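Hi,

Here is the structure I promised to pass on. Have a look at it first, and then read on for what turned up in it.

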Amino acid sequence: TAKRNGRNHSQRFRPALDVQEGPQLRLLNDLRDALAAGGQLALHYQPQFRLTDDGLAGAEALLRWHHPVDGLVSPGDFIPLAERHGLMAALGNWVIDQALAQLAHWRRRGMPDITVWINISAMQLFQGDLENTLAAGVARHGVPPSALGLELTESVLLDERAGDVAPRLARLRRKGHPVAIDDFGTGYSSLGYLKELPLDKLKLDRAFVRSLPEDRADAAIVTAVMAMARGLGLEVVAEGVESAPQRDFLAAAGCELVQGFFYGRPEVAEALEARWRRADEASPAPSGSRALSQ
Ligand code: C2E
Ligand code: MG
Ligand code: MG
Ligand code: MG
């Protein structure tokens with residue numbers, strides 16, 4: 001049919017394609033340039049705190065793109081684009097290398113026990129050479145794998161290739177990387193997965209945190225997730241904590257870790273380091289004590 005009405009077809013559809021795909025293709029080409037040229041991509045770090053003692057437990061690395069014309073482009077906009085057009089492997093590798101370089105830098109500067117969590121896309125888990133990339137990265141930067149945590153969204157489990165997700169996760173964990181399931185509760189995944197998958201942490205999606213403590217359904221769900229996680233031996237990180245009442249509810253429910261604007265937004269590496277140093281000065285125990293016990 002393309003041959004039969006090819007001319008009409010292209011005449012009718014080309015303008016529409018330009019409108020739909022034009023800006024996306026431009027963004028895609030710009031992203032290619034950004035990866036090649038460097039300087040436009042950055043990782044920002046959002047702190048995670050323990051609820052037991054308000055201590056800084058680690059940080060999630062979140063990708064930022066400072067586009068030369070458009071300004072800050074959200075990862076929600078360019079990551080799906082990268083995934084659709086074969087750029088995710090390069091982008092993911094950049095994130096891994098950047099996070100490890102930052103960890104190495106922090107460890108040289110006396111922050112030995114910080115854990116950085118990176119987001120891993122389905123594409124990286126199933127198509128790339130994630131295991132070898134991570135192994136080469138930790139060797140090159142001299143960082144223990146335990147310092148680099150891996151977050152995988154629940155939707156990864158829905159991937160048609162998910163049949164072999166458990167052995168893949170098991171191998172990554174055996175290397176020493178902690179593994180967390182991200183956006184828990186939004187991916188429409190069967191709870192049976194929790195039984196099969198080797199995991200360390202469960203990140204409760206902020207959709208369940210938003211209306212705490214007033215919303216009785218959310219309160220019930222969060223309480224039940226905490227009980228289930230405890231039974232499974234998983235720590236829970238609550239995402240999107242924006243207020244003291246939310247924090248109080250989560251603490252009473254037995255949640256171990258929190259992350260959200262109430263505690264801190266994603267920030268440049270230097271800001272996280274400054275935060276760590278302030279916390280370290282305020283804390284009675286010397287910073288090296290935990291490192292020595294490792
Ligand atoms: P995510 O992994 O669930 O990350 C949490 C998102 O929630 C971040 O959005 C963060 O800025 C935002 N957030 C944190 N605390 C709060 C809060 O208290 N209130 C509200 N309203 N939002 C909060 P961000 O940085 O725009 O990232 C969006 C998503 O993009 C991430 O969701 C993650 O799925 C993806 N992403 C970001 N960086 C990477 C990356 O390096 N690789 C991959 N594959 N995905 C990434
Ligand atoms: Mg995440
Ligand atoms: Mg999340
Ligand atoms: Mg999320």
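An oxygen atom of ligand 1 lies 2.8 Å from a side-chain N or O atom of arginine 64. Please keep in mind that this is a predicted model. Just before that arginine, leucine 63 offers a polar backbone atom 3.1 Å from a nitrogen atom of ligand 1. The side chain of glutamate 239 takes part too, with an N or O atom 3.2 Å from a ligand oxygen. On its own, ligand 1 would expose 800 Å², and the protein buries 82% of that area. The space that ligand 1 takes up is the largest pocket.

As for the surroundings, 22 residues lie around ligand 1, and those that come nearest are Arg64, Asn119, Asp182, Glu242 and Phe261. By type, the shell holds 9 nonpolar, 5 polar and 8 charged residues. Strand S2 (56-67) contributes the most, with 4 residues, while helix H2 (75-84), helix H3 (88-108) and strand S6 (179-184) each supply at least two.

Now to the metals. Which residues coordinate the magnesium ion (ligand 2)? They are Glu60 (OE), Asn119 (OD1), Glu151 (OE) and Asp182 (OD), at 2.0 to 2.2 Å. Along the sequence, these donors follow the spacing E-x58-N-x31-E-x30-D. The magnesium ion (ligand 3) sits 3.7 Å from the magnesium ion (ligand 2), and aspartate 182 coordinates both. The pair links distant parts of the chain: glutamate 151 belongs to strand S5 (residues 148-153) and aspartate 182 to strand S6, 31 residues apart.

Happy to talk it over whenever suits you.

Best wishes

Definitions and conventions
Residues numbered from 1 in each chain as written. Chains lettered and ligands numbered in written order. Predicted model: local features only at pLDDT ≥ 70, side-chain atom pairs only at ≥ 80, totals over all residues. Heavy atoms only, no water. Near = heavy atom within 4 Å. Polar contact = N/O pair within 3.5 Å; in protein donor to acceptor, adjacent residues only side chain to side chain. Areas by Shrake-Rupley, 256 points an atom, 1.4 Å probe, with all protein chains shown as cover. 1 Å grid on protein atoms, 1.4 Å probe; cavity = no way out; pocket = protein on both sides within 12 Å on 5 of 7 lines; lining within 4 Å. Sits in = over half its atoms within 2 Å of the grid points. Nonpolar A, V, L, I, M, F, W, Y, C, P; charged D, E, K, R; others polar. Donors = N, O, S within 2.8 Å, 3.2 Å for Na, K, Ca; no water.
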